[in-house]
Amino acid sequence: MPTLRLADRALALRPSPTLQITALANSLRAQGEDVLSFAAGEPDFNTPEPICEAAIDAIRRGVTKYTPSAGMPKLRQAIADKLIRENRLPATAEQVIVSCGAKHSLYNTMQVLLNPGDEVLLIAPYWMTYAEQVRLAGGVPIVVPTDAAADFIPAADAIRERITSRTRMIVINSPSNPSGAVYPRAVLKEIAALALRHDLWIVSDEIYERLIYGVETESIAALSADVAARTITVGGVAKTYSMTGWRIGFAYAPAPVATAMSHFQDQVTSNPTSFAQVGAIAAYEMDSAAVEAMRSTFEARRDLIVARLNAIPGVSVRAPRGAFYVLPDFSAFLGGDDAALALRLMHDAKIAAIPGHVFEAPGHLRFSYATDSETIARGMDRLAEILPALQ
């Protein structure tokens, strides 16, 4: 028998803990267990009806064939118009590449910009996929720590100290998964100045940009033409319009990068789903009332879960300014072993949450409040009941 093995890159990949815990929660539910899940990173609302109707109509009209690999011209223009209108970016349709979700856009970015050995600065806590995609491109993730007391906002000195001759890129995510941090303009300017001084690419993941609470958010590429020339802005319809399963994301990039991403995508997936693109066009053209209704609901849920968590002795969390996650500190429980705590909560309290170490936030758990208020209240009741026994 021949000896067959997987490629090294496949052997090095780590499975998504979020998907694993969500799958375990669903499995327990299928067995009749009353599991309350705070794990999934997707809105619990249905996609707004005008978007659904646009896609259904597209199917009926036969919009089920290939499109240009980089996306339908009308969608690329709709995204460029949105970037000009909302983000104050000098976008053209040619600089927009539509992909199969923002995750796909990030993957394309890493593949066309990184060479083996290139170092990429990741601001912790961060979405674990960034590190895996950097490794897939042959890069080396370098962690920049932050402090919960500073709302997980990075300090310029902490970034500067980790820049070497091999540093090629810095990834920022504001509003952030998992912390909900929103970077102030002053911090964006500090990051941009470092990128300019050290000739770095900036990858700005802005998928949660519309889900903010009491603050303003800004695209780092809008700071200046020099910053825009080295920034890849990633976004999409998944979180804002509750379209996670539609798999439509985009990258807005300097023209040479956009061209490279288009050529790369030609050989990997070709176009995103045709009728899903029509739904995305409807999303970018629709009235913002539905988006505001969802955002307002998330804000109320944020206030509820933060208040309930802070009422539990030994637990502390600051109110996030964006996204739909909280990242409370549970270091007082089970010796700070967040993985053990997450499993204990799953099996004994039927609560699903993500251990913080996977985001480089040991001792914390991530709770998504993209669920109804009743579930939040019940989950916090269970948490308050079980935690005293785990100190």
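**Exercise 1. Leu334 and Arg88**

Task: In this predicted model, decide whether Leu334 is buried, exposed or partly exposed, and then treat Arg88 in the same way.

Solution. Begin with the relative accessible area of Leu334, which is 30%. Buried means under 20% and exposed means over 50%, with partly exposed in between, so Leu334 counts as partly exposed. As for its place in the chain, Leu334 sits in the loop between β9 and α13 (338-349), and its phi is positive, about 50°, although Leu334 is not a glycine. Turn next to Arg88, whose relative accessible area is 51% and which is therefore exposed. Arg88 belongs to the loop between α4 and β2, and although Arg88 is not a glycine, it has a positive phi of about 60°.

**Exercise 2. Gln95 and its surroundings**

Task: State where Gln95 lies, whether Gln95 counts as buried or exposed, and which residues it touches beyond four places in sequence.

Solution. First locate Gln95, which is in the loop between α4 (73-87) and β2 (96-99). Next consider its relative accessibility of 14%, which is why Gln95 counts as buried. Finally, setting aside residues up to four places away in sequence, Gln95 touches Pro90, Ala251, Tyr252, Ala253, Pro254, Ala255 and Ala258.

**Exercise 3. The buried side of helix α12**

Task: Compare the span of helix α12 with the expected one, and find out where around the axis its buried residues lie.

Solution. Helix α12 takes in residues 289-310, 22 residues in total, and from its first C-alpha to its last it reaches 32 Å, close to the 32 Å expected at 1.5 Å a residue. The next step is to list the buried residues of α12, which are Val291, Met294, Arg295, Phe298, Arg301, Arg302, Ile305, Val306 and Leu309. Because these residues cover an arc of only 135° around the axis, they are on the same side of α12. In a last step, look for their partners: the buried residues of α12 pack against β9 (325-326), β12 (365-368) and α14 (373-386).

**Exercise 4. The crossing of α5 and α6**

Task: Describe how helix α5 and helix α6 cross, and classify the residues that make the contact.

Solution. Two packed helices are described by the angle between their axes and by the distance between the axes. For α5 (residues 102-113) and α6 (residues 129-136), the axes come within 9 Å and cross at roughly 35°, and the crossing is right-handed. On the side of α5 the contact is made by Lys103, Leu106, Tyr107, Met110 and Gln111, while α6 contributes Thr129, Tyr130, Gln133, Val134 and Leu136. Sorting these residues by class gives six nonpolar, three polar and one charged.

**Exercise 5. Two cis peptide bonds**

Task: Describe the peptide bonds from Ala124 to Pro125 and from Asn177 to Pro178, and place each proline in the chain.

Solution. The bond from Ala124 to Pro125 has omega near -5° and is cis, and Pro125 is found in the loop between β3 (119-123) and α6. The bond from Asn177 to Pro178 is cis with omega near 25°, and Pro178 lies in the loop between β5 (167-173) and α8 (185-198).

**Exercise 6. Ile351**

Task: Is Ile351 buried or exposed, and which residues are in contact with Ile351 beyond four places in sequence?

Solution. Ile351 lies in strand β10 (residues 351-352), and because its relative accessible area is 0%, Ile351 is buried. Its contacts, leaving aside neighbours within four places in sequence, are Leu36, Phe38, Ala342, Leu345, Met346, Phe367, Gly379, Arg382 and Leu383.

Methods. Residues numbered from 1 in each chain as written. Predicted model: local features only at pLDDT ≥ 70, side-chain atom pairs only at ≥ 80, totals over all residues. Heavy atoms only, no water. Helix = DSSP H or I, 4+ residues; strand = E, 2+ residues; numbered from the N terminus. Expected span 1.5 Å × (residues − 1). Buried < 20%, exposed > 50% of the residue type's maximum accessible area, 1.4 Å probe, protein only. Arc of directions from axis to C-beta. Contact = heavy atoms within 4.5 Å. Axes fitted to C-alpha atoms, helices over the stretch in contact; angles between N-to-C directions. Left-handed = near helix turned anticlockwise from the far one by under 90°. Nonpolar A, V, L, I, M, F, W, Y, C, P; charged D, E, K, R; others polar.
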